[in-house]
Amino acid sequence: MRRTIVSLAMGLAMVFVPSAFAAGTQVVEGDVLVGNPGSAIGTGINENLGPSDADGIDGVWVTLDAVSTGAGETAGVIATDDSGLSDFDIWFYDADGRFIDDNTCAVDVDESCAVPAGAALAVVDLFLGAQGSFQFTYNY
């Protein structure tokens, strides 16, 4: 009887207590007005303005659903417009808005990379192209 009660209690705890290892996927779609090769060093217009109504000039800020631990989180961006000319990059920032100097999500046309530890924000920049649309995915 005692073993049954303990097993039942443990089973209920597993159902009602969220796992520390729960995984998720965040998907954000957006549009960017103009490409900016200056964004290649993390100094695009939107980076200087910060998250604001100006989002979409040369990039879009994304608040990540979970701060990266650097233990397997990945991010990616693909162009979804029909031009075939859009080249998006992803740059990461910590929760205090400090740039994380990691360009692994800024070297190809369709980017995907491991998210650096401490990343809480991302900027999806349009490096080349105009009026580009994108889909950003964060797996955590």
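The legends below accompany an overview and several close-up views of a predicted model.

**Figure 1. Overview of the chain and its order of helices and strands.** In this predicted model, the chain contains two helices and eight strands, and these elements follow one another along the sequence in the pattern α-β-α-β-β-β-β-β-β-β. The chain has 140 residues, of which 38% count as buried. Among the contacts with a separation of 6 or more, 74% are made by residues that lie 24 or more positions apart. The area that the chain exposes is about 8,000 Å², and carbon and sulfur atoms supply 59% of that area.

**Figure 2. The salt-bridge network of D94, D96 and R98.** The count of salt bridges in the chain comes to two, and this view shows both of them, with R98 as a partner in each. In one, the side chain of R98 meets that of D94 at 3.0 Å, taken from N to O; in the other, the side chain of R98 meets that of D96 at 3.3 Å, again from N to O. The surroundings of the acidic partners can be compared in this view: D94 has a relative accessible area of 15% and is therefore buried, since the limit for that class is under 20%, whereas D96 is exposed, as is R98. Through their shared partners, the salt bridges join D94, D96 and R98 into one network.

**Figure 3. The disulfide between C105 and C113.** One disulfide is counted in the chain, and the close-up is centred on its two cysteines, C105 and C113, whose sulfur atoms are 2.0 Å apart. The link of C105 and C113 is left-handed, with an angle of -100° about the S-S bond. How accessible are the two ends of this link, C105 and C113? C105 has a relative accessibility of 0% and so counts as buried, and C113, at 9% relative accessibility, counts as buried too.

**Figure 4. D58, a buried acidic residue in a loop.** D58 is placed in the loop that runs between helix 2 (45-49) and strand 2 (59-63). Which side chain of opposite charge is nearest to the buried D58, and how far away is it? That side chain belongs to R98, which is 21 Å away, and D58 has no salt bridge although it is buried. The side chain of D58 does have a polar contact, of 2.7 Å, with the side chain of N36. R98 itself appears in Figure 2, where its side chain forms salt bridges with D94 and D96.

**Figure 5. The backbone at Q131 in strand 8.** Q131 lies in strand 8, which covers residues 130-139. The phi angle of Q131 is near 50°, a positive value in a residue other than glycine. With a relative accessibility of 61%, Q131 counts as exposed, because the exposed class begins over 50%.

**Figure 6. F127 in strand 7 and its approach to D87.** F127 is found in strand 7, made up of residues 121-128, and counts as partly exposed at 21% relative accessibility. What separates F127 from D87 in sequence and in space? The two residues are 40 residues apart in sequence, and their C-alpha atoms are 5.5 Å apart in space.

Key
Residues are numbered from 1 along each chain as its sequence is written. This is a predicted model: local features need pLDDT of at least 70, side-chain atom pairs count only at pLDDT 80 or more; totals for chains, interfaces and linings use all residues. Side-chain values use heavy atoms; hydrogens and water are left out. Helices (H or I, at least four residues) and strands (E, at least two) are DSSP runs, numbered from the N terminus. Buried means under 20% relative accessible area, exposed over 50%, partly exposed in between (1.4 Å probe, protein chains only). Contact means heavy atoms within 4.5 Å. Accessible areas come from the Shrake-Rupley method with a 1.4 Å probe; for residues, only the protein chains shown count as cover. A salt bridge is a side-chain nitrogen of Lys or Arg within 4 Å of a carboxyl oxygen of Asp or Glu. A disulfide is a pair of cysteine sulfur atoms within 2.5 Å. Lys and Arg count as positive and Asp and Glu as negative; His and the chain ends are not counted. A polar contact is a pair of N or O atoms within 3.5 Å; within protein, one must be able to donate a hydrogen and the other to accept it, and residues adjacent in sequence count only if both atoms are side-chain atoms.
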